[in-house]
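Trainee: I am new to this structure. Please take the part built from strands, look at it closely, and then relate it to the rest of the chain.

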Amino acid sequence: MCLCIYIEGGVFWGCVLGGVVSMEFLTPKRATIIAALTSGFLVVIKFIVAFSSGSIVVLASAIDSLLDICMSLFNYFALKNAEKPANQNFNYGFGKLLYIAALLEGIVILGSAVYIFYQSLWNLSHQESLSYTDMAIFVMVLSIVMVGALVWVLGKVAKSSGNAVIAADMLHYKSDLFSNGAILLSLLVMSFWGFYLLDPILGILISIYIAYGALRIIKNGALMLLDRALPPVMQVQITDILHASQIVGFYNLKTRIVGDRAFVVVYIIFEEGITLCTAHSISDQIEAQIKALERSREWEIIIHLEPIEHFANYPFSFTKRKDT
């Protein structure tokens, strides 16, 4: 496992230095390995500089990078297990592992933000000067370059795969990029003007920014675990397809999203005397039109065929087709 991380991470950074990164190489699992390797390198040098200089903002960045390692490795195992096929006990597969990973990542990030906020308040009340600021400045410049490259890579992988965990990782590293820039700016100000109160003040602001990003990740993960429906626009498109088809009406339309898979369940009602073959052909046309709404997405559509006679005997209601 460690050898795999080392080799694949080395290949990636070799490609970056060479100016060529193949998208075939950048799979979601490899992206998490690269993220963990990058964070592992940065956390070592940041902790050394943080304890040497006494800077709370560099310490905050080091803690954040340490959490990045844990979450990237966790995401790797989540992605690996999410690819397992469905079985007798889990008929719909393991896709929701991705959202559990994203939710846990958000909670851990929120916890780190609370710690940074507390430590910043403590440093604000115990005013101390910093040392080795030149070394700290160099480390933060290096961190910005490496994290910037990582954000670009994760963005490409998230866009091409539609993976929620990689998107959450990209958001987190993007917040790291901005916070690293703020840290660099504060170190420059403290180095030239000696305004050391800026260190805990920016620590508080960074913790608030990180907490905001963490809450967004938690919200997105929770919504997916709660079987969030397709976007309203797409739901309207599906109902338009149903209204335009050769049916009497429909009811019990339900949709949900799990990763790049969309689930649709609907009951469609046919006129009296229609043959099963004709009804089946119409349902196939409806299914094909729904799938055409977004061909990049994997669709699982269940259509129940109902005769209009069924509603003559039972007081069920349904949505009638607009032109009927």
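Mentor: The strands come below, followed by the charged pairs and the surface patches.

This is a predicted model in which local features need pLDDT of at least 70 and side-chain atom pairs count only at pLDDT 80 or more, while totals for chains, interfaces and linings use all residues. Residues are numbered from 1 along each chain as its sequence is written, and side-chain values use heavy atoms, with hydrogens and water left out.

The protein chain has 10 helices and four strands. Both kinds of element are DSSP runs numbered from the N terminus: helices are H or I with at least four residues, strands are E with at least two. In sequence order the pattern is α-α-α-α-α-α-α-α-β-β-α-β-α-β. Of the 324 residues, 45% are buried. Here buried means under 20% relative accessible area, exposed means over 50%, and partly exposed lies in between, with a 1.4 Å probe and protein chains only as cover.

Now the strands. Strand E2 covers residues 261-270, and nine of its 10 residues are buried. E2 pairs with E1 in the antiparallel sense over eight bridges; strands pair if DSSP finds at least two bridges between them. Within that pairing, Val 258 is opposite Arg 261 of E2. E2 also pairs with strand E3 (residues 298-307), this time in the parallel sense and over 10 bridges. There, Tyr 267 has His 304 in E3 as its bridge partner.

One residue of E1 needs a separate remark. Asn 252 belongs to strand E1 (residues 249-258). Its phi is positive, about 55 degrees, although Asn 252 is not a glycine. Most residues other than glycine have a negative phi. Asn 252 has a relative accessible area of 32%, so it is partly exposed.

Next come the charged pairs. The whole structure holds two salt bridges, each being a side-chain nitrogen of Lys or Arg within 4 Å of a carboxyl oxygen of Asp or Glu. One joins Glu 287 to Lys 291, with the closest N and O atoms 3.2 Å apart. These two are about one helical turn apart because they lie four residues apart in helix H9 (residues 276-291). Glu 287 is partly exposed at 22%, and Lys 291 is partly exposed at 33%. The other joins Glu 294 to Arg 297, with a closest N to O distance of 3.3 Å. Glu 294 is partly exposed at 24%, whereas Arg 297, at 18%, counts as buried.

Last, the patches. A patch is made of residues with over 30% relative accessible area and no salt bridge; like charges are joined within 9 Å, and nonpolar side chains (Val, Leu, Ile, Met, Phe, Trp, Tyr) within 5 Å. Accessible areas come from the Shrake-Rupley method with a 1.4 Å probe; for residues, only the protein chains shown count as cover. Phe 117, Leu 121, Leu 124, Ile 201, Leu 205 and Ile 208 form a nonpolar surface patch with about 480 Å² of accessible area together. Helix H4 (97-125) and H7 each give two or more residues to this nonpolar patch. Phe 117 lies in helix H4 and is partly exposed at 33%.

A positive surface patch consists of Lys 174, Arg 216, Lys 219 and Arg 228. Lys and Arg count as positive and Asp and Glu as negative, while His and the chain ends are not counted; a charge is placed at NZ of Lys, CZ of Arg, CG of Asp or CD of Glu. Lys 219 sits in helix H7 (residues 198-225) and, at 55%, counts as exposed.
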